Amino acid sequence: MIDSFFMKEGKSIDNMFGIQQVLLKGLEALGHTFTKDHTILKILDSFPKVREPKTTIIQEARNLKTLAWDELLGTLRAHKVHL
């Protein structure tokens, strides 16, 4: 289910994060476990193609195991402003 989640054009990053968190919590309640880096990769993979250069930079430049949620969200928000 989480593999087929994608951010729709025109939706906000905050909206996408909220929906993704609800999906992940629901899956965790059903017994599925996700590592932090796996979850972040799924979030980055859900962005539209126009954001692919930024998501690739985040994946290559950051340690996804230690990247804080608010840091990821802030980086993506800042990138949206620059677009």
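Here is a short conversation about a predicted model and the reasons behind the words used for its parts.

Visitor: What makes up the protein chain, in helices and strands?
Guide: The chain has 4 helices and 0 strands. Read along the sequence, that gives the pattern α-α-α-α.

Visitor: Why is the contact between Arg 77 and Asp 14 called a salt bridge?
Guide: The rule asks for a side-chain nitrogen of Lys or Arg within 4 Å of a carboxyl oxygen of Asp or Glu. Here the N to O distance is 2.3 Å, so the pair of Arg 77 and Asp 14 qualifies. Arg 77 sits in helix H4 (residues 69–82) and Asp 14 in helix H1 (residues 13–29), so the bridge links distant parts of the chain, 63 residues apart.

Visitor: Are Arg 77 and Asp 14 buried, exposed or partly exposed, and how do you know that?
Guide: Buried means under 20% relative accessible area and exposed means over 50%. Arg 77 has 40%, and Asp 14 also has 40%. Both values fall in between, so both residues are called partly exposed.

Visitor: What makes Lys 25 and Glu 28 a salt bridge?
Guide: Their N to O distance is 4.0 Å, and the cut-off is within 4 Å, so the pair counts. Lys 25 and Glu 28 are 3 residues apart in helix H1, which means that about one helical turn separates them.

Visitor: Which words describe how accessible Lys 25 and Glu 28 are, and why?
Guide: Lys 25 has a relative accessible area of 53%, which is over 50%, so Lys 25 is exposed. Glu 28 has 36%, so Glu 28 is partly exposed.

Visitor: How many salt bridges does the structure hold?
Guide: It holds 3 salt bridges. One of them joins Arg 62 and Glu 71, at 2.4 Å from N to O. Arg 62 is partly exposed at 31%, and Glu 71 is partly exposed at 36%.

Visitor: Why is the pair of Phe 17 and Trp 69 called edge-to-face?
Guide: Ring centres must lie within 6.5 Å to pair, and planes over 60 degrees apart count as edge-to-face. For Phe 17 and Trp 69, the centres are 6.3 Å apart and the planes meet at 90°, so the pair is edge-to-face. Phe 17 lies in helix H1 and Trp 69 in helix H4, 52 residues apart.

Visitor: How do you know whether Phe 17 is buried or exposed?
Guide: Phe 17 has a relative accessible area of 8%, which is under 20%, so Phe 17 is buried. Its partner Trp 69 has 33%, so Trp 69 is partly exposed.

Visitor: Where else does Phe 17 appear in the picture?
Guide: Phe 17 is among the residues with the most contacts inside the largest nonpolar core, along with Ile 58, Leu 72 and Leu 76. That core has 13 residues, and the elements giving two or more residues to it are H1, helix H2 (36–45) and H4. Not counting residues up to four places away in sequence, Phe 17 touches Ile 43, Trp 69, Leu 72, Leu 73 and Leu 76. In soluble globular proteins, nonpolar side chains tend to be buried together.

Visitor: Why is Ser 46 called buried?
Guide: Ser 46 has 1% relative accessibility, and the limit is under 20%, so Ser 46 is buried. Ser 46 lies in the loop between H2 and helix H3 (52–61). A polar atom of its side chain lies 2.6 Å from the backbone oxygen of Ile 43.

Terms used:
Residues are numbered from 1 along each chain as its sequence is written. This is a predicted model: local features need pLDDT of at least 70, side-chain atom pairs count only at pLDDT 80 or more; totals for chains, interfaces and linings use all residues. Side-chain values use heavy atoms; hydrogens and water are left out. Buried means under 20% relative accessible area, exposed over 50%, partly exposed in between (1.4 Å probe, protein chains only). A nonpolar core is a set of buried Ala, Val, Leu, Ile, Met, Phe, Trp, Tyr and Cys residues joined through side-chain atoms within 4.5 Å. Contact means heavy atoms within 4.5 Å. A polar contact is a pair of N or O atoms within 3.5 Å; within protein, one must be able to donate a hydrogen and the other to accept it, and residues adjacent in sequence count only if both atoms are side-chain atoms. Rings of Phe, Tyr and Trp (its six-membered ring) pair if their centres lie within 6.5 Å; planes under 30 degrees apart count as stacked, over 60 as edge-to-face and the rest as tilted.
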